[in-house]
Amino acid sequence: MSKILIKNIKGLVQCGEDIPNLKRGKEMKELPILENAFLAIEDGVIVAYGKMEDWGGITDWRDLLVIDADGKYVLPAFCDSHTHTVFARSREEEFVDRINGLSYEEIAMRGGGILNSAKTLQEMSEDELFEHAVQRIELLKSYGTGALEIKSGYGLTVDAELKMLRVVKRLKKEAGIAIKATFLGAHAFPSEYKEDHRGYIDMIINEMIPKIQEEGLAEYIDVFCERNYFSVDEMAEILEAGAKAGLTPKVHVNQFSALGGIRKAVEMNALSVDHLEELEEDDIGALKNSDTVATILPSCSHFLNIPYGDAKRLMENNVAVALASDFNPGSTPSGNLSFVWSLACVKMRMTPEEALNALTVNGAFAMGLSDSHGSIKLGKKTPVILTKKIPNLAYIPYSFGDQLIEQIIGG
Ligand code: NIG
Ligand code: FE
């Protein structure tokens, strides 16, 4: 049995039995912090916490690791509910093309972008993809990520989509972190189906989804609903087929254009709608008071130099906002959520508390992990972040670019 006691914690953040599984609108301002606290973890499970003055002392020292957190904060690990962590190689040549004036969409039209990643992934073996992904996940953990969602979508053939999802299945067992899998066969039309949308959608529905269901390869289904990608009707058809196979929708919408995909996805009980750089009144109306999480990806906005999602307006309309990295080789080559936290504060005017709620409880909800992750509660099996010595919590997003996460513990 492994037992860990963290004592003298300057602030134990997002800790308490009455923390909701989803915080919307104004509730996102609330962030409980227990000062001068202790936290006990047994076999990864949170078994006790409280103020140091209420700590009963230690009766059984066997196998106990004691960590003195004097001057440091402890918070639930970040929950990254939107990533594309399995990919073959980076795409810095497109980064340079964009600096020289091409847009992300222009690069995609030339066969770059997602199709570029699909080509390299199709050629790479399952083992090699797995090894690369393990290394990336180790880096994400060092940044404080304690759970992540991973999408397919760089396969775009039956074999390559299944290969990606099998890699994710193996990561679930071997990467030492909670992972949820999302099938994103509808990420782009392969070049040979550019003029034959029906053909590719039939392949997704009749060949990919049944195999994914048979092998239990995914929990969620995603579609990139966007001009030049999948229309709202195409998205609806694919999501419906996914739902019949037990896959819950979680979609890419409104990154470059507002097509009405948000309303449709909410109607289809999407767990989350992600990106939302472009938002219209009707999109807000559809999300208002719904249980669909609005997931904003500010490091994608930073990297592509596109607008930031209007989290403030969403919160004013009682929407639950999550923040995630979108880690992928094209639009977001970083999975560092401290940077996301900082961008959310600086560029989207979220308070540090709102942004941390978006990165923890709401991120956990957006990948169906509320029972184990997102807050520090008795019985939860979340890893926790131990920070370096910092004056207060706002210092983390304030001090952008610094690595203030000392280590991740438990889980
Ligand atoms: O979430 N927008 C669609 N998909 C990814 C980017 C994929 C890529 O460029 O490789 C995103 O930004
Ligand atoms: Fe994405």
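What follows is a conversation between a trainee and a mentor about a predicted model.

Mentor: Local features in this predicted model need pLDDT of at least 70 and side-chain atom pairs count only at pLDDT 80 or more, while totals for chains, interfaces and linings use all residues. Residues are numbered from 1 along each chain as its sequence is written, chains are lettered from A and ligands numbered from 1 in the order in which they are written, and side-chain values use heavy atoms, leaving out hydrogens and water.

Trainee: Why is Leu-121 called buried?

Mentor: Buried means under 20% relative accessible area, exposed over 50%, and partly exposed in between, with a 1.4 Å probe and protein chains only. Leu-121 has a relative accessible area of 0%, so it is buried. This leucine sits in helix H3 (residues 114–123); helices are DSSP runs of H or I with at least four residues, strands are E runs of at least two, and both are numbered from the N terminus.

Trainee: Which residues is Leu-121 in contact with, leaving aside its neighbours within four places in sequence?

Mentor: Contact means heavy atoms within 4.5 Å. Among the partners of Leu-121 are Val-86, Phe-87, Tyr-154 and Met-164.

Trainee: And what makes Thr-85 buried?

Mentor: The relative accessible area of Thr-85 is 0%, so the word buried applies here too. Thr-85 lies in the loop between S6 and helix H1 (92–99).

Trainee: How do you know that the side chain of Thr-85 makes a polar contact with that of Thr-83?

Mentor: A polar contact is a pair of N or O atoms within 3.5 Å; within protein, one must be able to donate a hydrogen and the other to accept it, and residues adjacent in sequence count only if both atoms are side-chain atoms. The two threonine side chains, of Thr-85 and Thr-83, make theirs at 2.7 Å.

Trainee: What makes S10 and S11 a pair?

Mentor: Two strands pair if DSSP finds at least two bridges between them. Strand S10 (residues 248–253) and strand S11 (residues 272–275) have four, in the parallel sense. One bridge partner there is His-275 in S11, for Val-253. Both strands belong to an open sheet of eight, ordered S6-S7-S8-S9-S10-S11-S12-S13 with parallel pairing.

Trainee: Why is one side of S6 and of S13 left without a neighbour in the sheet?

Mentor: Strand S6 (78–80) and strand S13 (321–323) stand at the edges, and each has a single partner strand, so one side of each stays free of a neighbour in the sheet.

Trainee: Which residues are closest to ligand 1?

Mentor: Tyr-104, Tyr-154, His-187, Gln-255 and Ser-331 are the closest of the 15 residues that surround ligand 1, where near means a heavy atom within 4 Å. A polar side-chain atom of Gln-255 lies 2.6 Å from a nitrogen atom of ligand 1.
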